[in-house]
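Please walk me through this structure at a pace that suits someone new to reading protein models. I would like to see how its parts fit together, beginning from a single residue and moving outward.

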Amino acid sequence: QVQLVESGGGSVQAGDSLRLSCTASGRTGSVYYMGWFRQAPGKGREFVATINWSGSSTNYADSVKGRFTISRDNAKNAVFLQMNNLKPEDTALYYCTPCSFRDAGLCKYWGQGTQVTVSS
């Protein structure tokens, strides 16, 4: 079992920045990839970004590429998502997961999420 706690969400204006954090506990020794997904009201859970153990490999959804940066601190079992130049379409509940897939259905562990609301 892996437990995940996300934080850092909030309500901001378009163009602002936010930094999301996620802390993992439990069987973190088996965690290699970490990822962020998001879910807007009435929509499915959408891939945002993933990062490997060393941080040498990252992947992003086209919609966030160039604006979001994923990073991690393995000593703290934490993963971060720096979000710059936020847009109203980034409004969603953001989740982290120890998963390398872009398909949320293939990912097993989820936290409660942190809400990001961007107004124009």
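**From one aspartate to two sheets**

Setting aside the residues within four places of it in sequence, Asp90 is in contact with Arg38, Arg67, Phe68, Asn85, Val116 and Val118. The model in which these contacts are found is a predicted one, and every value that follows is computed from it. Asp90 belongs to the loop between β8, which covers residues 78-83, and β9. Is Asp90 buried or exposed? It counts as buried, because its relative accessibility is 1%, and the cut-off for buried is anything under 20%. Two of the contacts of Asp90 are also polar contacts between side chains: one joins Asp90 to the side chain of Arg38 at 2.9 Å, and another joins Asp90 to the side chain of Arg67 at 2.7 Å.

The loop between β8 and β9 also holds Asn85, which was named above among the contacts of Asp90. Asn85 has a phi near 50°, which is a positive value in a residue other than glycine. This deserves a moment of attention, since most residues other than glycine have a negative phi. Asn85 is partly exposed, because its relative accessible area is 43%.

From this loop we can follow the chain into the sheet to which β9 belongs. That sheet is open and has 6 strands, arranged in the order β2-β10-β9-β4-β5-β6, and its pairing is mixed. Its edge strands are β2, residues 10-13, and β6, residues 58-60, each of which pairs on one side only. From one strand to the next, the twist of this sheet averages 25°. In general, the strands of a sheet pair through backbone hydrogen bonds, and they may do so in a parallel or an antiparallel sense. Within this sheet, β4 (residues 34-39) and β9 (residues 92-97) are paired in the antiparallel sense over 5 bridges, and here Trp36 has Cys96 in β9 as its bridge partner.

The other side of the loop leads back to β8, which takes part in another open sheet, made of 4 strands in the order β1-β3-β8-β7 with antiparallel pairing. The strands β1 and β7 stand at the edges of this sheet, and each has a single partner strand, so one side of each is left without a neighbour in the sheet. The twist here averages 20° from one strand to the next. Inside the sheet, β3 and β8 pair in the antiparallel sense over 6 bridges, with Met83 in β8 as the bridge partner of Leu18.

At one edge of this sheet, β1 (residues 2-7) runs antiparallel to β3 (residues 18-26), and 6 bridges join the two strands. In a regular strand the side chains alternate between the two faces of the sheet. With that pattern in mind, which residues of β1 lie on its covered face, and which on its uncovered one? The covered face carries Val2, Leu4 and Glu6, whereas the uncovered face carries Gln3, Val5 and Ser7.

Gln3 gives a closer view of how this edge strand meets its partner. Gln3 has its place in β1 and stands opposite Ser25 in β3. Leaving out residues up to four places away in sequence, Gln3 touches Thr23, Ala24, Ser25 and Gly26. Although Gln3 and Ala24 are 21 residues apart in sequence, their C-alpha atoms are 5.6 Å apart in space. Gln3 counts as partly exposed, because its relative accessible area is 38%.

Ala24 can also serve as our way into the interior space of the model. How many cavities of 30 Å³ or more are counted? The count comes to 1, and the volume of the largest cavity is about 100 Å³. Its lining consists of Ala24, Thr28, Val31, Met34, Trp53, Arg72, Asp73, Asn74, Asn77, Ala78 and Val79. Both β7, residues 68-73, and β8 supply at least two residues each to that lining.

One of these lining residues, Asn77, lies in the loop between β7 and β8. Like Asn85, whose phi is near 50°, Asn77 has a positive phi near 50° although it is a residue other than glycine. Asn77 counts as partly exposed, because its relative accessibility is 31%.

Terms used:
Residues are numbered from 1 along each chain as its sequence is written. This is a predicted model: local features need pLDDT of at least 70, side-chain atom pairs count only at pLDDT 80 or more; totals for chains, interfaces and linings use all residues. Side-chain values use heavy atoms; hydrogens and water are left out. Two strands pair if DSSP finds at least two bridges between them. Axes are lines fitted to C-alpha atoms, for helices over the stretch in contact, and angles run from 0 to 180 degrees between N-to-C directions. Buried means under 20% relative accessible area, exposed over 50%, partly exposed in between (1.4 Å probe, protein chains only). A polar contact is a pair of N or O atoms within 3.5 Å; within protein, one must be able to donate a hydrogen and the other to accept it, and residues adjacent in sequence count only if both atoms are side-chain atoms. Contact means heavy atoms within 4.5 Å. On a 1 Å grid over the protein atoms alone, a cavity is a set of points where a 1.4 Å probe fits but cannot get out, and a pocket is an open set with protein on both sides within 12 Å along at least five of seven lines; lining residues have an atom within 4 Å of a point. Grid points are joined across faces, edges and corners, and a volume is the space filled by probe spheres set on the points.
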